[in-house]
Amino acid sequence: MTDPFKNAMLQLNKAAKIMGLKKDFLKSLSQPKRILKAEIPITLDNGKKVKFKAFRVQHNNRRGPYKGGIRFHQQVSLEEVKALSFWMTIKTSVVGIPFGGGKGGIIVDPHKLSKTELERLSRGYIKAFYKYIGPKVDVPAPDVNTNSQIMDWMTDEYTKLTGKKQPAVITGKSIAAGGSLGRNTATADGGFFILMNLVKKLKMKPKNTRVIIQGFGNVGGNMADSLYHAGFKIVGVSDATTAIIDPKNKGFDSHVIEKIKEKHGRVDICTCEKIYCQCKNHKHIIKEKLLEYPCDILILAALENQITKTNVKKIKAKIILELANGPTAPQAEPELLKKGVIIIPDVLANAGGVTVSYFEWLQNMKNQKWSQNQVKTKLKPIMIKAFEQTQKNAKRYKTDLRTAAFISALERIIK
Ligand code: GLU
């Protein structure tokens, strides 16, 4: 697999060249400020002792504390966490919130752990790194396979180890533990605001617009809901193991898929091994094929490197919304741009999550509680402004939206 950090640097270098970024500045962004590594020991429920490799990468803090999620996944690698931390530096700057970029990860398949094992692992992560985080130093949050429960355990562990209650050390907590209303849907909401803005500009009608969503976790699932209620036709979805399409192109009801996922742990209940089976209300296809299925909008809400040189020629979408980080490989992007595909880049499209993390941090620091409505009304103009700034830069520098978003971010970091 292509190295995600190398890919991220290709994106950075492209933007740097177009805007004429100074060499020293480019150099300072080409490496993280600090890389932390640990082996986290935990005792499994059966008494066996095991260790998990963990990372925290602090990329840049010129604009404020390092900020970024912690991912639990079997494919986590240092190169991946480095790339993700760099993208956080860009992302927080694209939306203009006073944070830098960081990221964490543990190499683990959390689905194979019991709840108590997961708790021990989450607390172990904080034991390993608590000296390097803090509300004004580095503020972790959820990412792939981590959630508010895990953030609560981590915050609690931090309180125990430091002897001070500081909920602002971590965002994405449960409401009871000081989390913000609206944080759970924030990434999807932010992407939705931008997409609706674009759809309106292009005079597309939701009822005639076919959408495919890759990934049905917190982000993909919430996005499916918003799109369904806005009248779009969701003609295909996938999760980590399965994918379904609607051969009649009528569109799925997001609530039905949610229920199936809740009950069976995946979006498709079919277990036949055929590539195209003949189930009653949907066809199931192998998940890799989903991206190639005809649609107008493709929403990528899973992992990085999903559109690559191998499948790029088969992509039929006209708009790609990157709710995941790094889903389009830079090697594949020129082909899409040549075809006129509009790619709304990750650093802009999924920045709603970290923006509401900032709101949560602010509420914790000031001892306030905002309503869900307050959160959404503050989020929308930030997302739209960032999108407009990106479009402006795309025109000014005659470049694509990703490069334009990078330029906005880099200009702000220089300032
Ligand atoms: N993990 C999310 C991201 O990639 C959120 C980070 C945060 O809230 O700090 O943007």
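In the predicted model, the ligand is surrounded by 14 residues, of which Lys67, Lys91, Pro142, Asp143 and Ser357 come nearest. The residues of this shell divide into four nonpolar, five polar and five charged. Polar side chains approach oxygen atoms of the ligand at several points: an N or O atom in the side chain of serine 357 is placed 2.6 Å from one such oxygen, the corresponding distance for the side chain of lysine 91 is 2.7 Å, and a polar side-chain atom of asparagine 325 lies 3.1 Å from an oxygen atom of the ligand. Taken alone, the ligand would expose 290 Å², and 95% of that area is buried by the protein. Two or more residues of the shell are contributed by each of strand S3 (66-73), helix H3 (78-94), strand S5 (138-142) and helix H12 (352-366).

Two of these contributing elements, H3 and H12, were examined further. Helix H3 comprises 17 residues, for which a rise of 1.5 Å a residue predicts a span of 24 Å, and this agrees with the 24 Å that separates its end C-alpha atoms. Because 16 of the 17 residues of H3 are buried, the helix is largely enclosed by the rest of the structure. Following H3 is glycine 96, which has a positive phi, near 70 degrees. Helix H12, with 15 residues, should span 21 Å at the same rise of 1.5 Å a residue, and its end C-alpha atoms are indeed 21 Å apart. Of the 15 residues of H12, 13 are buried, so that this helix, too, is largely enclosed by the rest of the structure. The residue noted after H12 is asparagine 367, with a positive phi near 55 degrees.

Positive phi values are also found at asparagines in loops. Asparagine 145, although not a glycine, has a positive phi of about 65 degrees; this residue is located in the loop that connects S5 with helix H5 (148-162), and its relative accessibility of 30% places asparagine 145 in the partly exposed class, which extends from 20% to 50%. Asparagine 249 likewise has a positive phi, of about 55 degrees, without being a glycine. The loop that holds asparagine 249 runs between strand S8 (243-245) and helix H8 (254-264), and at 26% relative accessibility asparagine 249 counts as partly exposed.

A buried position is found in strand S7 (residues 233-238), to which serine 238 belongs. With a relative accessibility of 2%, serine 238 falls under the 20% limit and therefore counts as buried. The C-alpha atom of serine 238 is separated by 6.4 Å from that of phenylalanine 216, although the two residues are 22 residues apart along the chain.

With respect to the chain as a whole, the secondary structure amounts to 14 helices and 12 strands. The radius of gyration is 21 Å, close to the 22 Å given by the globule rule for 415 residues, and the chain is therefore as compact as a globular protein of that length. Along the principal axes, the C-alpha atoms fill a box of roughly 60 × 55 × 40 Å. Buried residues account for 58% of the 415 residues in the chain.

Definitions and conventions: Residues are numbered from 1 along each chain as its sequence is written. This is a predicted model: local features need pLDDT of at least 70, side-chain atom pairs count only at pLDDT 80 or more; totals for chains, interfaces and linings use all residues. Side-chain values use heavy atoms; hydrogens and water are left out. A residue is near a molecule or strand if one of its heavy atoms lies within 4 Å of it. A polar contact is a pair of N or O atoms within 3.5 Å; within protein, one must be able to donate a hydrogen and the other to accept it, and residues adjacent in sequence count only if both atoms are side-chain atoms. Accessible areas come from the Shrake-Rupley method with a 1.4 Å probe; for residues, only the protein chains shown count as cover. Helices (H or I, at least four residues) and strands (E, at least two) are DSSP runs, numbered from the N terminus. Ala, Val, Leu, Ile, Met, Phe, Trp, Tyr, Cys and Pro count as nonpolar, Asp, Glu, Lys and Arg as charged, and the others, Gly among them, as polar. The expected span of a helix is 1.5 Å times one less than its number of residues. Buried means under 20% relative accessible area, exposed over 50%, partly exposed in between (1.4 Å probe, protein chains only). The radius of gyration is taken over C-alpha atoms; the globule rule is 2.2 Å times the number of residues to the power 0.38.
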